Amino acid sequence: MGKKALKATRKFAASGQLKKTIDARRKHRDIRKKAERRKNGKGKDRQVPEDAIDGDSEEEEEPGKFKGMSVDDFLGGGFMEEGDDGDVADGENEDGEESDEEGGGSDDQSFASVDDLDDEGQSHLVELSKLAEKDPEFYKYLQENDRELLEFDPDTAEADPDDASDHDAMEEDKVPTLTKKILQRWQKALLEERSLRALRKLLIAFRSAAHMHEEDQVFAWSIDSPSVYQKLVTTALKYTPVVLEHHCPSKSQVNGKFKPPTQTPKWKTLQKLVLSHFHNVMHLLTQLTDAEMMCLALTESAKLVPFIIGSRKAVKVYLKTCLELWSTAEDSVRIAAFLAVRKLAFATDEAIMDMVLKNTYLTLVRSCKSTSAHTLPSINLMKNSASEIYCMDHAAAYQHAFGYIRQLAIHLRNSMKVKSKDAYKQVYNWQYVHCIDFWAIVLARACDQQALADRHGEESELKALIYPLVQVSLGAIRLIHNARSYPFHLHIIRALLHLTQHTHTYVPLAPFLLPMLTAPLLARTKPKASTLRPLDLDTHIRAPQQHLRTRAYAAVTLEDAAFLLAEHLASKPVQSSIAFPETVGPVVLLLRRALRAGKAAPWFAREVAQVRALVDHIEGSVMWVQGHRKGVAFGPGQLNVVAAWELSVNVAMSPLARWVAVQRKVREKRRALVEKAREGEDEILED
C-alpha cells in the first residue's frame, strides 16, 4: 500500500489534479509508443515492450529509486518542494533575473526551500524538480500540455492551512482572492516569529500585485480591493527588510559603508527570493503614479540594497530606475531617488561606486539639454545632489572628474580650431554651461574649509582640478566677444565666483565684467526704442537679436555685472588681501572714466547711479583695508605672517560686503515676486 499519504498529497488529490495527471501520462505514453513504432519501422502489428516505452524503466532499474511507490506517492509524495512557485520564476525571467549569475536551477527551488528554514516545511514534490534531467522529453510534454502540474503550489493554493475556508480556493481553475484577514495572519507571523514561510507567501502575493495589469501572466492570488492592494504593497515593502535583517544581517562599517550578508546556507536559500522581490519592486516603481507611494517604495527598497549588491544585473536595474526618477519625477520623489542612489554608493565594492558616479553625471547632462524657468529649479536640485555623491569618495571622483573636465577642454579646443559659422555651438549650449557649473560646485564642496577640517587638514585629491577647470571656463568666455554672448559669460562667471568663494582661490574675473559695465556708458548713440520685456538672464545663454542695442538689455546686463563684480571684490580671497587697494586700483580707474562719459548719456541715468554707488563702496573698502594694515610691522616677503594677517580680517564688516548683503536681499525679494507672478499666486483682480 506504501507509506501514508501526506496532507499535501491528499489536497492534491482532492483538487482534481491527480486524475488529470494520470490521463496526461497515459496520453503521453501512447504518443511515445506511436513515435517508437514509426522510428523502428516494424509495422503496426509489432508490439513494443512496455518497459521500453513507459519512460519509467530507467528509474526502476536504479536500485531503491521510486521502488514500491504508488502513483499517489510519485505525484504527490513531496518532490516538488523546490519547484512550487513556477509563476514567480516566470515573472523573474521577465523582470530581468539573471539565472547565470546566481547559479543553475530555477528560482522556484529557492523560494520553496525557504519553508525549510522555518523547520515547518515538508519535502513537497522534490523529485519532480529533477524530472527535467531524468526524463526531459516527458518534462517538455508537461510544459506544453499540463503546465499546472509543474506550477502546482500547495501553500499558495491553500493560503493558510488552518483556515477552513481555504478549501474553496482549491477548486479547479480558481485563483484564491487575497483578503485583509489573510494579510493580518501574515503580518502577525512576520512580527512575532519573523516567519520566512509567511514572508514567502507575502512576496508571492506582492508579485501578483506588481504585475496585476499584465494579461499574459498567471498569478497565485487575485486582488479585487484597492484597500487590500494598498495594504499588501505597504506590508511587503516595510516588512521584508525587517525580516531579512533579522535572519541575515548585513555588515556596516564605521564610515557608513556596508557589506552583503555572510554566505551562510540560510542566505544562499533566501538570495533568489530576495532578488525576485527586488525586481518586482523595480517593476512596480515604473507603474506607480502616486508620489507618496513612490517615495515609500524608494525608501524601503534602499534598505534592501545590502542584500542585492552581489547581483550586478540587479544593481544596474536599480540604478537605472532610481536615476530615471531622479531626473523626471517631482521634487519629493527626486529626493527619495537620490537617497536610494546614495545608499547604493555606500557599498564597499569600488566598481559599484564607479558605476554610480558615471551614470549620475550622464543622467545630469542628458537632463539639462534644454533649460527654462520651469526646469531650472529641478536642474539645480540635481546638480547639488549629484555633487554630494561625488564628494563621498574624492579619490574615485577624481578619475571621473578629470576625464569629464578634459572632455570640456577638447570641445573648447575644437571650437577654437574649426573656422566655421557654427563651431561655437559645441561650447555655447546649456549642457556646457551646466557642466562647468556642476564641476565648480563639486570642487567648491570638496575643497571648502569645512571639508578640509573634516579631513583633518588633508587636502582633497580634487583640488588639483581647480586650475584646469578655471582655464577651461575662462577660455569659453574668451571664445566670443560680443553683446549677444553676455548671458553665457555671466553664467560662467557665477560658477567661477562660487568656486573662488569656497576654495579661497583668486581668479581674475574683473576683466570679463568691466566691458559689460562700461560699454553702455561709453556708447555714443542713443539705444533703440523698444517695448520688449527685460530679458531673464537666468534662462538664456544668448540674447535674441531684437534685444541688442536696447536700453532694457543694457540695463539688465549692467545691473547683473555690477552685482557680480561687487560680490567678487567682497569675497574672502580679494577683500581680505593685504594688497586689496592696489588690486582694485585699475578697476576704479576704468569705472570713473565710464562715469564721466556717462554724463553725456541721460538715458542711462539710473545705470550711472548704480555704477557710482559701486565705485563709492569699493573706495570705502579700500580705506577700510588701509586702516587695518596701517600699523603692521612686517614686509611683503614674510608670507606666513601675511597669510595669518589675512585670515584675521573679518571681510563681512567691510563697506563693500555690507552693501553686497543688502543688494542680495533686494534681488532675492525681487526674484520671489517674479516667481509668484509666474505661478499666478496672490493675484488681485480689480473691478
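**Helix packing and buried serines in the predicted model**

Helices H32 and H33 are roughly antiparallel to each other (an angle over 145 degrees, where under 35 counts as roughly parallel, 65 to 115 as roughly perpendicular and the rest as oblique), because their axes cross at roughly 150°. The structure is a predicted model, in which local features need pLDDT of at least 70 and side-chain atom pairs count only at pLDDT 80 or more, whereas totals for chains, interfaces and linings use all residues. Residues are numbered from 1 along each chain as its sequence is written, and side-chain values use heavy atoms, with hydrogens and water left out.

H32 spans residues 585-598 and H33 residues 605-628, and their axes come within 10 Å. Helices (H or I, at least four residues) and strands (E, at least two) are DSSP runs numbered from the N terminus, and axes are lines fitted to C-alpha atoms, for helices over the stretch in contact, with angles from 0 to 180 degrees between N-to-C directions. H32 passes H33 in a left-handed crossing, that is, with the near helix turned anticlockwise from the far one by less than a right angle (right-handed if clockwise). On the H32 side the contact (heavy atoms within 4.5 Å) is made by Val588, Leu591, Arg592, Leu595 and Gly598, and the residues contributed by H33 include Val611, Leu614, Val615 and Ile618. Leucine 591 touches these four residues of H33 and also Leu514, Leu517, Thr518 and Leu565, not counting residues up to four places away in sequence. Leu591 is also among the residues that touch the most other members of the largest nonpolar core, which has 180 residues; such a core is a set of buried Ala, Val, Leu, Ile, Met, Phe, Trp, Tyr and Cys residues joined through side-chain atoms within 4.5 Å.

Two serines are likewise described by their surroundings. Serine 301, in helix H17 (residues 291-302), is buried, with a relative accessible area of 1%; buried means under 20%, exposed over 50% and partly exposed in between (1.4 Å probe, protein chains only). Serine 301 touches Phe278, Val281, Met282 and Tyr318, residues up to four places away in sequence not being counted, and its C-alpha lies 9.0 Å from that of lysine 238, although the two are 63 residues apart in sequence. Serine 250 is placed in the loop between helix H15 (226-247) and strand S2 (251-252) and, at 17% relative accessibility, also counts as buried. With residues up to four places away in sequence left out, serine 250 touches Glu245, Lys259, Pro261 and Pro306.
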